[in-house]
Amino acid sequence: MRGCLNRRDFLKGCSAGGLGLYPALSLAAQLNGGGPLAPRPSHFPARARNLIFVFLTGGFSHVDTFDYKPKLQKDHGKKVVNRELRDTSDKAFYLIRSPFQFAPRGRSGLMISELFPHLGALADDLCVIRTLHTDILEHFQATLAMHTGSATVPMPSLGSWLSYGLGTFNQNLPAYTVMAEHLPYAGAQVWDSNFLPPYHQGVRLLPGNEPIADLRSAAPSITLAELEERMLQDVNDLHARERPEDLNLRARSQGFETARGMMREAPQVFGLARESDATLAMYGCPRGDNKSFAWQCLIARRLIERGVRVVELIDTGSSNNWDAHGDMGEHRGKAGRVDRALAALITDLKERGLFQETLLACCTEFGRTPWGATPNDKGRNHHARAFTCLLAGAGVKGGMSYGATDEYGINIVSGPCHVHDYHATILHLMGIDHTRLTYRYAGRDFRLTDVQGNVLHDVLV
């Protein structure tokens, strides 16, 4: 968000005594509770204050979940000519019907598969975008694109851009947290800040007994701990003042600050003793559970309550995920792991008055082909030309679908939505003009949506 004249250089060029205005303002900001992660004004009034980004790794099938195709059921076994993963030319394939039943749900009548009975019960809160499309069919690149907007060159993550553009409400906790039990495709690049200042990088939390490593202080005495903290702060401040342009140094200092804050607040976030039995039962989270996707969804709500700007939940890693080449029946177990918990998260946010200020985005890296190599195939291959993702919550119309695919779910026939459009819409709901959220690096201005992206105004309230 910089103009032609770098503000830092301008301020450093101004004089205020012998110090220059830039360090004076920096010191004033620190003394008054500011800092690199302090809340910043949005470009225009935001519909959403917070984002919960749910990523279902592997590519769930649109034609088996949220994009009902009765013609596909009827024409099972019929030949179609098309091109799929790693094919260099078109060839014949056989249409494969969905093994799952669909039914109209809610007053809106959205057609939703039996795989998602709990989310189906909340159909009137969901905006189903049926026309996502991406550029590359491989997991690594498609996952990277869904997080960073780039399928080739690693770029800053969506959460890092939001941290950079908006800051956070609670500097004792990271602005951008990622719950990832297993590493996804592309690894930590999906939550990396890349060329943005490093303190905007996502902080990975590991479900289990110790979500944040080394959280407990090793100091045997609180007096000793306080003395150590003050001494380290003085040394770090002196060192940083002599190196104002070292962003990595600034990031380390900010990291120490966040770590100290987490030592105070994180134990309360991850301790569920005060959550009622009814709430735990709604999520399907037994008391004592600290690892399941249900637990992760509940922690997401608790983090949002405490002022974390962006929480990402990554369902499974680069193996044993939604990549159902061999048998679509595997989707039953995957959906069972997330369906109840996601529905409970939406319900919980609504009951606590947080749904109208929290945006929930649920996506995957690509869809699945409506065909197989034989009429008896049970699995589906990668399909990037059309797939489905969801939005719900602040500023989004519920009980609607956006765009349409053809009668078999192969190609988009109306309302296309590129990954850049999905990101532009999320940023818009967070109060950001995606064309203005830029960062100058290596001689050019970069942004999440590159030189593309259109806001899907039809899905906005």
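This tour of a predicted model goes from one helix to a neighbouring helix that it contacts, and then to the largest cavity.

Begin by selecting residues 139-148, which form helix H5, a mostly covered element in which 8 of the 10 residues are buried. Colouring by burial should pick out His 139 at the start of the helix, and then the run made up of Ala 142, Thr 143, Leu 144, Ala 145, Met 146, His 147 and Thr 148. Just after H5 comes Gly 149, whose phi is positive, near 85°.

Next, keep H5 in view and add residues 419-429, which are helix H12; the axes of the two helices come within 9 Å and cross at roughly 30°. Because angles under 35 degrees count as roughly parallel, H5 and H12 are described as roughly parallel to each other. To see where they touch, show the side chains of Ala 145, Met 146, His 147 and Thr 148 in H5, which meet Val 419, Tyr 422 and His 423 in H12. This contact comprises 4 nonpolar and 3 polar residues, with no charged residue taking part.

Then turn to the internal spaces, of which a search of the whole structure finds 2 cavities of 30 Å³ or more. The largest has a volume of about 50 Å³, and selecting Leu 119, Leu 126, Leu 342, Ile 346, Leu 360, Cys 362, Leu 390, Leu 391 and Ala 392 displays its lining. Helix H11 (330-351), strand E10 (358-363) and strand E14 (387-393) each give two or more residues to this lining, and the largest share, 3 residues, comes from E14. By class, the lining has 9 nonpolar residues, with no polar and no charged ones.

Notes: Residues numbered from 1 in each chain as written. Predicted model: local features only at pLDDT ≥ 70, side-chain atom pairs only at ≥ 80, totals over all residues. Heavy atoms only, no water. Buried < 20%, exposed > 50% of the residue type's maximum accessible area, 1.4 Å probe, protein only. Helix = DSSP H or I, 4+ residues; strand = E, 2+ residues; numbered from the N terminus. 1 Å grid on protein atoms, 1.4 Å probe; cavity = no way out; pocket = protein on both sides within 12 Å on 5 of 7 lines; lining within 4 Å. Points joined across faces, edges and corners; volume = space filled by probe spheres on them. Nonpolar A, V, L, I, M, F, W, Y, C, P; charged D, E, K, R; others polar. Axes fitted to C-alpha atoms, helices over the stretch in contact; angles between N-to-C directions. Parallel < 35°, antiparallel > 145°, perpendicular 65-115°, else oblique. Contact = heavy atoms within 4.5 Å.
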